[in-house]
Amino acid sequence: MGLSFRGEFHQKVDGKGRMSIPADFRAVLSDGDPRCPENPLPRLVVLHGSHLEGCLHVYTIEAMTEIEEGIKKLPRGSVARKKASRKILGKSWETEVDKDGRIVLPQRLREQIGLTGLATMTAMGDYFELWDADTYERFEAEEDDDDDIDPLLYLDSTQPPGDG
């Protein structure tokens, strides 16, 4: 088991779509790229699409390989395999972190999530979410309605959160 993404970071995005990937996240990307450390520039896979509700998902190469293996286990020609392929494989973009620790996010992906000057990157364990900072702030405010619930309760499958 490799490293996990942890933390939340805010990064400026310039007019060309260049943004720094935080060093902590680059370490996870390197750990999850079989080419590293021989090739010191880790690759990553950006998943996009309307099903992601306002953000992009960023995976290591190994995590995306696991997802692809799951798709390959579905029966050929099945509706499930076609849908998963279209929404995952068809909506993914691979890139590489440059020597300065940055990526260039294409304009179409920035437009999809309304990304302007500041990005929020928030860890989700085996991937991280990439949001426009203002959009994430609004999303987080809406999600904080259940702020009084200890998030560790979500790990206890015998008791639904809020029933304690």
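**Packing of helix H1 and its surroundings in the predicted model**

The buried residues of H1 pack against strand S1 (8-12), strand S3 (43-47), strand S4 (56-59), strand S7 (118-123) and strand S8 (127-132), where helices (H or I, at least four residues) and strands (E, at least two) are DSSP runs numbered from the N terminus. These residues are Phe-25, Val-28 and Leu-29, buried being defined as under 20% relative accessible area, exposed as over 50%, and partly exposed as in between (1.4 Å probe, protein chains only). Viewed down the axis of H1, the buried residues fall within an arc of 100°, so they line one face of the helix; the arc is that of the directions from the helix axis to the C-beta atoms. The model is a predicted one, in which local features need pLDDT of at least 70 and side-chain atom pairs count only at pLDDT 80 or more, whereas totals for chains, interfaces and linings use all residues. Residues are numbered from 1 along each chain as its sequence is written, and side-chain values use heavy atoms, with hydrogens and water left out.

The protein as a whole has five helices and eight strands, which from the N terminus on follow the order β-β-α-β-β-α-α-β-β-α-β-β-α. Of its 164 residues, 35% count as buried. Among contacts with a separation of 6 or more, 61% are accounted for by residues 24 or more positions apart, contact meaning heavy atoms within 4.5 Å.

The loop between H1 and S3 contains Pro-37, which is joined to Cys-36 by a cis peptide bond with omega of about 10°. Cys-36 is buried, with a relative accessible area of 13%, and Cys-55 also counts as buried, at 2% relative accessibility. The structure holds zero disulfides, a disulfide being a pair of cysteine sulfur atoms within 2.5 Å. Pro-42 lies in the loop between H1 and S3 as well and is buried at 3% relative accessibility. Residues up to four places away in sequence being set aside, Pro-42 touches Arg-26, Leu-29, Ser-30, Asp-33, Cys-36, Thr-95, Glu-96 and Val-97; of these, Leu-29 is one of the buried residues of H1. Pro-42 and Thr-60 are 18 residues apart along the chain, and their C-alpha atoms are separated by 8.6 Å.

A second backbone feature occurs at Glu-53, in the loop between S3 and S4. Although Glu-53 is not a glycine, it has a positive phi of about 55°, and its side of the chain is described by a relative accessible area of 63%, which makes Glu-53 exposed. Most residues other than glycine have a negative phi, and most peptide bonds are trans.

Thr-95 is found in strand S5 (residues 92-96) and counts as buried at 16% relative accessibility. With neighbours within four places in sequence left aside, Thr-95 is in contact with Pro-42, Arg-43, Leu-44 and Ile-103. Lys-91 is placed in the loop between helix H3 (79-89) and S5, and at 36% relative accessibility Lys-91 counts as partly exposed. Lys-91 and Gly-49 are 42 residues apart in sequence, yet 6.1 Å apart in space from C-alpha to C-alpha. Gly-49 is also among the contacts of Lys-91 beyond four places in sequence, together with Val-46, Leu-47, His-48 and Arg-86. In strand S7, Thr-122 is buried, with a relative accessible area of 8%, and, residues up to four places away in sequence not being counted, Thr-122 touches Gly-7, Glu-8, Phe-128, Glu-129, Trp-131 and Tyr-136.The second largest pocket encloses about 300 Å³ of space. On a 1 Å grid over the protein atoms alone, a cavity is a set of points where a 1.4 Å probe fits but cannot get out, and a pocket is an open set with protein on both sides within 12 Å along at least five of seven lines, lining residues having an atom within 4 Å of a point. Grid points are joined across faces, edges and corners, and a volume is the space filled by probe spheres set on the points. The second largest pocket is lined by 16 residues, of which Leu-3, Thr-60, Ala-63, Glu-66 and Asp-126 lie nearest its centre. Helix H1 (23-31) and helix H2 (61-72) are the elements that give two or more residues to this lining, and H2 gives the most, with four residues. By class, the lining has seven nonpolar, five polar and four charged residues, with Ala, Val, Leu, Ile, Met, Phe, Trp, Tyr, Cys and Pro counted as nonpolar, Asp, Glu, Lys and Arg as charged, and the others, Gly among them, as polar.
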